[in-house]
Amino acid sequence: MQVQNTYTPLNFEGKVKFKRASLFDRKKLCSFGVEHKEFGHLEVATKRTHKGRYLITINNPANTRLTKESFCMTNDDIYGVSIKTGEPYRRKHLGEITRLASIITMLKNGLKEINILSLNDAALFHSKYKFEPYITDRHSAVIILKNIASSNIQKFTDRVKVILEQLKKTDNTEELLKSANEIVSEFIKHIQKVEPQQKNHFKHWGLSMRLTRENVVQNKDFFNALFAKHDIDYKI
């Protein structure tokens, strides 16, 4: 006998609502409406696309997809695959709204963290939402640190060269990777503050980043202000 999914569709009334991903998938997926100052009423919805894989979309009333975020979800964490916004809708805070939806999903399902691989200058975007560099191996550290050294920003290049030399000489990399993550975080914040248009610094980046549940809770005032900004009825 074929089992049908009989879950009642959600109505979008501005409040965050949750439903199970499917009859056999207990993950809780969020949906809500937002009023965008330029695009009017938008519907933010999360659905299951394959086993372990999910999709957040932002659509207008004409059912035009403005933004989508694809991610995987386990019993421990979320792994973000991609966030894509259509060209006419970029730089309109839609990526911010999908990011908030993924944070709600993490919290509602009791997960530990969101992990991503940030390509090129996307690190500037993710860093705004408290994602931190999460380099865990020597090879990745060397690639990213060499990129920072090539920026010729003196306050970073000397420190980076010291760590690169030390990475050549030891197999005990735990403290060096910690220092590497700290320098990368400082570098991203420096670019955001001092020269935000200089995105060429990130041309060859592939940076692992993460946002932990603990970090979200520690910065709950920041995230609650973003929920309020978009009139999303959710509070940490």
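**Questions on a predicted model**

Me: How much accessible surface does the protein have in this predicted model, and what share of that surface belongs to carbon and sulfur atoms?
Reply: The structure discussed here is a predicted model, and the figures that follow are computed from it. The accessible surface of the protein comes to about 13,400 Å². Of this surface, the part that belongs to carbon and sulfur atoms is 47%.

Me: What percentage of the residues in the protein are buried?
Reply: A residue is counted as buried when its relative accessible area is under 20%. The protein has 236 residues, and its C-alpha trace spans about 60 × 45 × 30 Å along the principal axes. The buried share of those residues is 44%.

Me: In what order do the nine strands form the open sheet?
Reply: The protein contains seven helices and nine strands. The nine strands form an open sheet whose pairing is mixed, and, as a general point, strands of a sheet pair through backbone hydrogen bonds, either parallel or antiparallel. The order of the strands is 1-2-3-4-5-6-7-9-8.

Me: Which strands stand at the edges of the sheet?
Reply: The sheet is open, with its strands in the order 1-2-3-4-5-6-7-9-8. Each edge strand has a single partner strand, so one side of each is left without a neighbour in the sheet. The strands at the edges are strand 1 (17-22) and strand 8 (132-133).

Me: Which residue in strand 9 stands opposite Ile116?
Reply: Strand 7 (residues 113-119) and strand 9 (residues 206-212) run antiparallel and are joined by seven bridges. Opposite Ile116, in strand 9, stands Met209.

Me: At what angle does helix 1 run to strand 2?
Reply: Helix 1 covers residues 94-108 and lies across several strands, including strand 3 (40-50), strand 7 and strand 9. Strand 2 (25-36) is also one of the strands that helix 1 lies across, and the angle between helix 1 and strand 2 is about 150 degrees.

Me: Is Arg91, with its positive phi, buried or exposed?
Reply: Most residues other than glycine have a negative phi. Arg91 is not a glycine, yet its phi is positive, at about 60 degrees, and it lies in the loop between strand 6 and helix 1. Because its relative accessible area is 73%, and the cut-off for the exposed class is over 50%, Arg91 is exposed.

Me: What is the phi of His93?
Reply: His93 is found in the loop between strand 6 and helix 1. At 43% relative accessibility, His93 counts as partly exposed. Although His93 is not a glycine, its phi is positive, at about 70 degrees.

Notes:
Residues are numbered from 1 along each chain as its sequence is written. This is a predicted model: local features need pLDDT of at least 70, side-chain atom pairs count only at pLDDT 80 or more; totals for chains, interfaces and linings use all residues. Side-chain values use heavy atoms; hydrogens and water are left out. Helices (H or I, at least four residues) and strands (E, at least two) are DSSP runs, numbered from the N terminus. Buried means under 20% relative accessible area, exposed over 50%, partly exposed in between (1.4 Å probe, protein chains only). Accessible areas come from the Shrake-Rupley method with a 1.4 Å probe; for residues, only the protein chains shown count as cover. Two strands pair if DSSP finds at least two bridges between them. Contact means heavy atoms within 4.5 Å. Axes are lines fitted to C-alpha atoms, for helices over the stretch in contact, and angles run from 0 to 180 degrees between N-to-C directions.
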